[in-house]
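Thank you for sending this entry for comment. My remarks are set out below as numbered points.

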Amino acid sequence: MAKKPALNQRPLPPNPPSAPSKELHVFPNPAPDRDYVIQFQVPEFTCHCPLTGQPDFAHFTIDMIADELCVELKSLKMYFWSYRNEGAFHEKVTNTILDDLVKATRPRFIRITAKWYVRGGIYTNVVAEDRKPGWKPQPTVDLPSMPMERGLLG
């Protein structure tokens, strides 16, 4: 017979919880013949300052045009989580994340924008990108803007 947990103790989950990992998993791009943007928003990135040990927080935006491979979301989440207890300068960690994503997926284009929360009265934004040699984006199509319609036309 299983022992009943104390009133203030949660029972253990049947499967172990997820854990941080630097391993990025990929899957085949479902539309490799088309340029399309995949955007990831990571609003709760944390690491800590390698000099002071104080926590650093950032909002990462990743814009990516995949080639043959896409990154799997759970592995991306575990990857970002792996930085929580690491000391990292803003510029270094942003560029390392870019390098790791390029290595795993070899995209046509990727841009990472890291908006770091205020530290000592200074906000830091780091933008890093990589482009596959020879890849050129399609020209922009300008569409006319139409006024928003409200209610019935009369």
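The points that follow take up strand pairing, the cysteines, one loop residue and the nonpolar core.

1. The model under discussion is a predicted one, and the remarks below should be read with that in mind.

2. Strand β5, residues 109-119, has antiparallel partners in both β3 and β6: eight bridges join β5 to β3, which covers residues 55-65, and nine bridges join β5 to β6, which covers residues 122-131. R111 in β5 can be followed across these pairings, since D63 stands opposite R111 and E129 in β6 is the bridge partner of R111.

3. The hairpin formed by β5 and β6 has two residues between the strands, and G120 adopts a positive phi near 60 degrees there.

4. Why are C47 and C49 not joined to each other? A disulfide requires the two cysteine sulfur atoms to lie within 2.5 Å, whereas the closest cysteine sulfur to that of C47, belonging to C49, is 8.6 Å away and therefore too far for a bond. Seen from the other side, C49 is likewise in no disulfide, its nearest cysteine sulfur being that of C47 at 8.6 Å. A search of the whole structure accordingly returns zero disulfides. C47 is buried, with a relative accessible area of 2%, and C49 also counts as buried, at 14% relative accessibility.

5. N29 deserves a separate comment. This residue is found in the loop between β1 (26-28) and β2 (37-48), and it counts as buried because its relative accessibility is 6%, which is under the 20% cut-off. A polar atom of the N29 side chain lies 2.9 Å from the backbone nitrogen of A31, and the N29 side chain also reaches the backbone oxygen of D67 at 2.8 Å. Leaving aside neighbours within four places in sequence, N29 is in contact with Y36 and with the residues A66, D67, E68, L69 and C70.

6. The largest nonpolar core contains 30 residues, and those with the most contacts inside it are F45, F60, F80, I97, L101 and W116. At least two residues of this core come from each of β2, β3, β4 (69-71), α1 (73-81), α2 (90-105), β5 and β6. Among these elements, α2 gives the most, with six residues.

7. Which residues does I97 touch, once neighbours within four places in sequence are left aside? I97 is in contact with F45, F60, Y79, F80, Y83 and I112. Of these partners, F45, F60 and F80 are themselves listed with I97 among the residues that have the most contacts inside the core.

How values were computed:
Residues are numbered from 1 along each chain as its sequence is written. This is a predicted model: local features need pLDDT of at least 70, side-chain atom pairs count only at pLDDT 80 or more; totals for chains, interfaces and linings use all residues. Side-chain values use heavy atoms; hydrogens and water are left out. Two strands pair if DSSP finds at least two bridges between them. Helices (H or I, at least four residues) and strands (E, at least two) are DSSP runs, numbered from the N terminus. Buried means under 20% relative accessible area, exposed over 50%, partly exposed in between (1.4 Å probe, protein chains only). A polar contact is a pair of N or O atoms within 3.5 Å; within protein, one must be able to donate a hydrogen and the other to accept it, and residues adjacent in sequence count only if both atoms are side-chain atoms. Contact means heavy atoms within 4.5 Å. A nonpolar core is a set of buried Ala, Val, Leu, Ile, Met, Phe, Trp, Tyr and Cys residues joined through side-chain atoms within 4.5 Å.
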